[in-house]
Amino acid sequence: MTTTQIIVIVAVILVLGIIIFPLVNRWQFRRLPPDQQIRIIMKQAKGLIFFKNVSKGRSGVLYYVKNKRKILAFPWVLSDGHMLCTRSNPFERWDYPEEQLPLNEDELKQLSAELEKYNKKNPVKIVFK
């Protein structure tokens with residue numbers, strides 16, 4: 001093989017690995033049913049607190065994962081440069097596990113502190129009605 005052929009093969013492999021495969025994975029993830037998305041997000045969760053934003057253009061869902069066991073979903077639409085939560089009472093119950101246990105006071109305090117940290121880090125803030 002010539003040097004040119006080796007360079008072309010390496011370039012094609014890099015383009016596939018860096019650009020094409022991640023785009024296909026994101027495309028497939030967005031089209032999964034919500035329960036399968038939740039299972040994948042629970043496996044992806046790093047640490048005790050984890051946020052995952054699944055965007056579909058001008059709408060989407062922000063998932064909050066606590067201890068890789070409890071998930072709270074905030075469905076949102078884009079409004080005035082902010083993610084406006086469309087759920088009437090997002091802090092009432094956990095979305096996963098299926099028993100939908102209510103949030104206690106300590107969890108509410110921790111959630112509000114983590115949402116403040118999330119809003120400071122990200123350029124598009126989540127706001128509630």
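Biologist: Hello! What distance lies between the mean positions of the positive and negative charges of the protein?

Modeller: They are 10 Å apart, taken over 21 positive and 11 negative charges. Lys and Arg count as positive and Asp and Glu as negative, while His and the chain ends are not counted. Each charge is placed at NZ of Lys, CZ of Arg, CG of Asp or CD of Glu. Keep in mind that this is a predicted model, where local features need pLDDT of at least 70, side-chain atom pairs count only at pLDDT 80 or more, and totals for chains, interfaces and linings use all residues. Residues are numbered from 1 along each chain as its sequence is written, and side-chain values use heavy atoms, with hydrogens and water left out.

Biologist: What makes up the secondary structure of the protein?

Modeller: Three helices and five strands, in the sequence pattern α-α-β-β-β-β-α-β. Both are DSSP runs numbered from the N terminus: H or I over at least four residues for a helix, E over at least two for a strand.

Biologist: Why is the protein called more spread out than a compact globule?

Modeller: Its radius of gyration is 19 Å, well over the 14 Å of the globule rule for 129 residues, so the protein is more spread out than a compact globule. That radius is taken over C-alpha atoms, and the rule is 2.2 Å times the number of residues to the power 0.38. The C-alpha atoms fill a box of roughly 65 × 35 × 25 Å along the principal axes.

Biologist: What makes S1 and S5 edge strands?

Modeller: Strand S1 (49–55) and strand S5 (126–127) each pair on one side only. Two strands pair if DSSP finds at least two bridges between them. The sheet is open, with five strands in the order S1-S2-S3-S4-S5 and mixed pairing.

Biologist: Why do S1 and S2 count as paired?

Modeller: Seven bridges join S1 to S2, and the definition asks for at least two, so they pair. These strands run antiparallel, and Val54 has Val61 in S2 as its bridge partner. Their hairpin has three residues between the strands, with Gly57 at a positive phi near 90°.

Biologist: And how do you know that S2 pairs with S3?

Modeller: Eight bridges join S2 (residues 59–66) to S3 (residues 70–79), again running antiparallel. Val61 has Pro75 as its partner in S3, and Gly60 stands opposite Trp76.

Biologist: Why is S2 described as largely enclosed?

Modeller: Six of its eight residues are buried, so S2 is largely enclosed by the rest of the structure. Buried means under 20% relative accessible area, exposed over 50%, and partly exposed in between (1.4 Å probe, protein chains only). Across the 129 residues of the protein, 26% count as buried.

Biologist: Why is Asn67 called partly exposed?

Modeller: Asn67 has a relative accessible area of 29%, which falls between the two cut-offs, so the label fits. Asn67 sits in the loop between S2 and S3 and has a positive phi of about 55° although it is not a glycine.

Biologist: What makes Gln100 partly exposed?

Modeller: Its relative accessible area of 36% gives Gln100 that label. Gln100 lies in the loop between S4 and H3, and its phi is positive, about 50°, although it is not a glycine.

Biologist: Where is Pro97?

Modeller: Pro97 is in the loop between strand S4 (82–85) and helix H3 (105–121). A cis peptide bond joins Tyr96 and Pro97, with omega about 15°.
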